[in-house]
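Here are some short exercises to work through with the model open beside you. Try each one yourself before reading its solution.

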Amino acid sequence: MSFPLKVIYDCNIFVQALININGPGGACVRRALAKEVTLVLSEPLLAEIRQAPTKPTPARLGVTIPRTETLIENLLKVAAITRIVPEQFTYARDPDDAHYVNLALAAEATVIVSRDKDLLSLMESGRPEAAAFQVRFPFLRILDPVQFLKEPRMLERS
Amino acid sequence: MPIHISQYQLFHFLRSLRYNQSIMAPQSPTTELPLTLRVSEQARLTLAERAAASGTDIAGYVSAIVEQNAQRPLSLEEISGLVYRKFMASGMTDDELSDVLETEKHEARAQRRLHHGS
């Protein structure tokens, strides 16, 4: 039996989707809203999305609290919420990024979509830290939105 | 049949309604759906206050919340509205937007760590 791929999106994927609806971030969020993938969210992730209106560029472009809340409300209609996220992984390079990995592990998601260079570096070859990560979590992939949208399959077997 | 609405769901329902202009009545004919809600006393009080502020009773208020929740998700175009038009007018590319959002995210995280002393 197959199910839609479980994915974690970095908070900025949502913010970027809100600003550039026709960009790769927008396409990723559309897939989630259409339930082509199973979006996984957590309270810390939602809290980071909620900060968008306080940041200079989103604020300048008209990303307001009501608009952000409307986006979140719509995401909550399609997403799975993971409330308990044990800390299995820590990441000195950016401690906040570790939550995305821990959320993926807790929710048994296999893909994290992000444009964060620190997170994406965990998929690079030739770096000891990345190699150790890939050995420890061989089932987990961290992709940028363009790579993710090229994925041939959006289903995974149970 | 008893229906349980968790405080988490209630929180998000109420949060979403706070930003809506008004509670809209459903456009299609309605049907009766008798339910027993099991919520905390605090939640009941909050519901009663919000219902009174909206000029309805708890049943009408919760019906509106359920109706709203059952509606299809809005499209990204509907949610973004003029934000996308402003972005297009800015001349910024998607990659430039990505870079600046990442920078601002890391600045906000650094500020938060500084504020929390960790």
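**Exercise 1.** Which residue follows α6(A), and what is the sign of its phi?

*Solution.* Start with the ground rules: this is a predicted model, in which local features need pLDDT of at least 70, side-chain atom pairs count only at pLDDT 80 or more, and totals for chains, interfaces and linings use all residues. Residues are numbered from 1 along each chain as its sequence is written, while chains are lettered from A and ligands numbered from 1 in the order in which they are written. Helices (H or I, at least four residues) and strands (E, at least two) are DSSP runs, numbered from the N terminus. Now step past the end of α6(A): Glu108(A) comes next, and its phi is positive, near 60 degrees.

**Exercise 2.** List the buried residues of α6(A) and find what they pack against.

*Solution.* Begin with the cut-offs: a residue is buried if 20 or more other C-beta atoms lie within 10 Å of its own, exposed if 12 or fewer, and partly exposed in between, with C-beta atoms placed from the backbone. In α6 (residues 98-107) of chain A, His99(A), Tyr100(A), Val101(A), Asn102(A) and Ala104(A) are buried. Next, look at their partners, which are β2 (6-9), α3, β5 (111-113) and α7 (117-120) of chain A.

**Exercise 3.** Is α1(A) mostly covered or mostly open? Describe how α1(A) packs with α2(A).

*Solution.* First, the count: 9 of the 9 residues of α1(A) are buried, and the helix is mostly covered. Second, the geometry: α1(A) and α2(A) pack at about 105 degrees, with axes 7 Å apart. Axes here are lines fitted to C-alpha atoms, for helices over the stretch in contact, and angles run from 0 to 180 degrees between N-to-C directions. The two helices are therefore roughly perpendicular (65 to 115 degrees; under 35 is roughly parallel, over 145 roughly antiparallel and the rest oblique). Third, the residues: Ile13(A), Phe14(A), Gln16(A) and Ala17(A) of α1(A) meet Gly25(A), Gly26(A), Cys28(A) and Val29(A) of α2(A). Contact means that C-beta atoms, placed from the backbone, lie within 7 Å.

**Exercise 4.** How many residues of chain A are in contact with chain B, and which helix gives the most?

*Solution.* Take the totals: 35 residues of chain A are in contact with 26 residues of chain B. Then sort by helix: α1 (11-19), α2 (24-33), α4 (56-60) and α5 (65-78) of chain A each supply at least two residues of that side of chain A. Among the contributors, α5(A) gives the most, with 10 residues.

Conventions
Two residues are in contact if their C-beta atoms, placed from the backbone, lie within 7 Å.
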